[in-house]
Structure formats: C-alpha cells, structure tokens
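Visitor: I would like to take a close look at a single part of this structure, and to follow slowly how its pieces fit together.

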Amino acid sequence: KTIRPIVICTWNFLNASAEAWEVLNTGGSSLDAIEQGVMVEENDVNNQTVGTGGRPDRDGNVTLDACIMDKDGNCGAVLAMQNIANPISVARKVMQDTPHVMLAGKGAEQFAYEKGFEKTDLLTEQSKKEWLEWKKTSEYKPIINIENHDTIGMLAIDKNGDIAGGCTTSGMAYKMAGRVGDSPIIGAGLFVDNEVGGATATGVGEEVVRTVGSFLIVELMRQGKSPQEACEEGVKRIMAKNKERNDFQIGFIAINKKGETGGYCIQPGFSYRTYSGEGHVNNPSDSFLK
Ligand code: SD4
C-alpha cells in the first residue's frame with residue numbers, strides 16, 4: 001500500500017503546517033515535523049495563545065504548557081513553565097532524555113537551562129498592555145473563539161506511515177497562577193497510538209480533561225469510528241456533562257492510520273488545516289451548536 005504523508009493542525013495555521021509539511025516532504029520523521037511545525041507558532045509573537053507573546057496568567061506571568069508523543073507511544077510534557085521560548089522542544093527532551101513524562105514549573109525551567117535553552121522574556125508589550133487593561137475589572141470570562149483562540153495541536157504521518165503529535169499553548173488567558181489545562185496532559189489535549197491514529201484538542205481545557213477527550217477519540221477510532229465520527233462523539237460526551245452550559249468552545253481534530261481526517265467543535269468558528277502532497281486546505285469544522 002502507498003503511504004501518503006500528511007499533517008493536520010488546529011485552526012488555520014498555514015505557516016506551521018507548511019513548515020511541518022516541508023519536513024515530511026523531504027523525508028523527515030513525523031516527530032521532527034511536529035516539533036518544527038508547532039515551533040512556528042511558539043515563535044510568533046502575534047499568536048497570543050502560544051509561546052512568546054502568549055497572554056499571561058492573572059498575576060502577569062506567562063506560563064506555557066506543551067506535550068509531544070511519538071510513534072512508539074513515548075511522551076513528554078512541560079507544565080506551567082516560564083521563561084523558555086520553545087516548550088515543545090523541552091517536552092521532547094523530557095521524553096528522550098529523562099525517565100519521566102512530565103516536568104512542571106521551576107523543575108521544567110531548570111531542566112531546560114541544563115539542556116542549553118536560554119532564558120527569554122515571554123511577555124510582549126502587547127500582551128502586557130492587554131493584561132493591565134484586563135486587571136481594571138479582573139473579570140475571568142473566556143471569550144469563545146477570540147480570546148483563547150490559537151492553541152496549536154498537530155498530528156502528522158510520515159513516509160513510513162508513523163504517526164506523531166504535539167500540542168503547545170500559553171493556556172487560558174488570565175488563568176489562576178499554577179493552572180494547567182488539557183494541552184500538556186497526555187490523553188486529554190493529545191493522544192497518539194500508532195496502530196490507530198491520533199487526536200488533539202483546543203478550547204476550554206477543563207472540559208477536555210474531564211472526558212480525557214483525545215484518548216477517547218483514539219479509542220473510538222480503534223473501535224471502528226472514522227476520525228470525523230470520533231470527534232463528534234468526543235464533543236457529545238462533553239455536552240452531555242454540560243446540559244446547562246453552552247458558553248464555551250472546544251474543537252477536536254483527529255487522523256487515522258489511513259490518513260483520513262476529521263474535526264468537530266461546539267461553537268461555529270473552528271477550523272483545521274490539512275497539508276499533504278495533494279495540497280493544503282483550511283477545513284471549516286461542523287459544530288454541535290449552530
Ligand atoms: C487550555 N486548551 O489551556 C487550552 C486553551 C486553548 O486555544 O486551547 N486555547 O485550556
């Protein structure tokens with residue numbers, strides 16, 4: 001059978017998916033494609049939900065969450081890490097160079113310095129200005145599709161047919177100090193099983209954690225559901241636990257071993273990008289609420 005390398009990511013990230021595609025198209029591994037791809041968003045100061053330029057917590061500190069998974073089910077994550085510009089690369093080092101899966105806070109930062117990462121001020125003037133403005137009311141009210149837009153979760157299949165995934169974020173803007181969302185939690189914000197496929201999430205992380213969303217979607221695909229059907233069921237599980245709430249957004253994307261993809265969300269407005277030898281498109285996602 002012919003293997004068709006492909007990368008997909010949450011939202012309409014053309015540059016990040018193009019970068020990942022470049023790695024895949026030149027024979028690189030899905031793991032390298034993921035790391036190089038999501039780094040584009042970590043480095044983009046205009047993306048205020050990932051890496052440098054990310055919106056801070058309510059005390060004004062930018063704290064980053066990221067995780068990565070490879071074809072063998074190895075995984076690494078950093079949680080609430082400060083002052084380091086590329087958490088996805090630190091997560092990969094946690095996976096490859098330590099006996100652990102997760103490092104949090106100061107420990108993660110310390111480990112990054114030991115691995116040669118440089119101390120970086122992640123708070124940009126723009127994010128600082130907005131935070132100071134927010135402080136006037138200090139109202140914690142995530143705005144659907146706007147304020148917490150732009151976490152990047154990415155899944156890739158390389159020329160060997162091997163799947164890897166990654167997810168990286170600065171989390172919900174103005175979160176409590178120490179708050180960690182779904183994005184660095186294996187099974188919640190991301191899950192990959194090379195036998196079956198992968199899934200990743202964006203949106204209000206607490207709700208994704210409650211249903212172990214990405215793991216659920218991969219297991220549903222194992223049971224025979226298509227990526228699209230599995231994403232829809234993932235969202236339905238969340239809505240079943242939120243009968244009285246409809247004011248938040250979650251988007252899931254998934255890919256299976258055959259390279260079929262799917263995406264589904266709660267509120268209109270989510271999309272995901274696919275990039276392969278057949279070209280690249282932004283796929284507007286169908287939503288649970290209309
Ligand atoms: C979180 N899921 O920390 C992340 C936020 C997010 O686009 O996806 N933003 O809960």
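How many bridges join strand β7 to strand β8, and do the two strands run parallel or antiparallel?

Guide: In this predicted model, strand β7, which covers residues 190-193, is joined to strand β8, which covers residues 197-203, by four bridges, and the two strands run antiparallel. One pair to find on the screen is L190, whose bridge partner in β8 is T200. Between β7 and β8 lie three residues, and with them the two strands form a hairpin. It helps to keep a general point in mind here: the strands of a sheet pair through backbone hydrogen bonds, and this pairing is either parallel or antiparallel.

The hairpin belongs to a wider arrangement, since β7 and β8 are members of an open sheet of five strands, whose order is β7-β8-β9-β10-β13 and whose pairing is mixed. At the edges of this sheet stand β7 and β13, the latter at residues 286-287, and each of these edge strands pairs on one side only. Further along the order, strand β9 (residues 250-256) and strand β10 (residues 261-265) pair in the antiparallel sense, over five bridges. Within that pair, G251 stands opposite C265 in β10. Helix α7 packs on this sheet, where it touches β7, β8 and β9, and its direction makes about 145 degrees with that of β8.

From the sheet we can follow α7 to its neighbouring helix. Packed helices are described in general by the angle between their axes and the distance between the axes. For helix α7 (residues 213-222) and helix α8 (residues 227-240), the axes come within 9 Å and cross at roughly 140 degrees. The two helices, α7 and α8, are therefore oblique to each other, and α7 passes α8 in a right-handed crossing. On the α7 side the meeting residues are G213, L216, I217, L220 and M221, while on the α8 side they are P227, A230, C231, E233, G234 and R237. Sorted by class, this contact of α7 with α8 has seven nonpolar, two polar and two charged residues.

A look at the ligand adds another view, for 15 residues surround the ligand, and the closest of them are T151, G171, G181, T202 and G205. The shell around the ligand is made up, by class, of two nonpolar, 11 polar and two charged residues.

For a second example of the same kinds of arrangement, turn to the open sheet of eight strands, which has the order β4-β3-β2-β6-β5-β1-β11-β12 and mixed pairing. Its edge strands are β4 (102-104) and β12 (279-284), each of which pairs on one side only, and from one strand to the next the twist averages 10 degrees. Inside this order, strand β5 (residues 152-157) and strand β6 (residues 163-169) run antiparallel and are joined by six bridges, with G153 standing opposite C167 in β6. Helix α2 (residues 30-43) lies across β1, β2, β5 and β6, and runs at about 20 degrees to β6. Helix α3 (residues 87-97) also packs on the sheet, touching β2, β3, β4 and β6, and its direction makes about 130 degrees with that of β3.

These two helices, α2 and α3, pack at an angle of about 145 degrees, and their axes are 8 Å apart. Their contact is made by E35, V38, M39 and E42 of α2 together with P87, I88, S89 and R92 of α3, a group that divides into four nonpolar, one polar and three charged residues.

Helix α2 has a further partner in helix α1 (residues 14-25), for the axes of α1 and α2 come within 7 Å and cross at roughly 155 degrees. The helices α1 and α2 are therefore roughly antiparallel to each other, and α1 passes α2 in a right-handed crossing. Among the residues that meet here are A16, A20 and V23 in α1, and A33, G37 and V40 in α2. By class, the contact of α1 with α2 has eight nonpolar, four polar and three charged residues.

Notes: Residues are numbered from 1 along each chain as its sequence is written. This is a predicted model: local features need pLDDT of at least 70, side-chain atom pairs count only at pLDDT 80 or more; totals for chains, interfaces and linings use all residues. Axes are lines fitted to C-alpha atoms, for helices over the stretch in contact, and angles run from 0 to 180 degrees between N-to-C directions. Angles under 35 degrees count as roughly parallel, over 145 as roughly antiparallel, 65 to 115 as roughly perpendicular and the rest as oblique. A crossing is left-handed if the near helix is turned anticlockwise from the far one by less than a right angle, and right-handed if clockwise. Two residues are in contact if their C-beta atoms, placed from the backbone, lie within 7 Å. Ala, Val, Leu, Ile, Met, Phe, Trp, Tyr, Cys and Pro count as nonpolar, Asp, Glu, Lys and Arg as charged, and the others, Gly among them, as polar. A residue is near a molecule or strand if its C-beta atom, placed from the backbone, lies within 6 Å of it. Two strands pair if DSSP finds at least two bridges between them.
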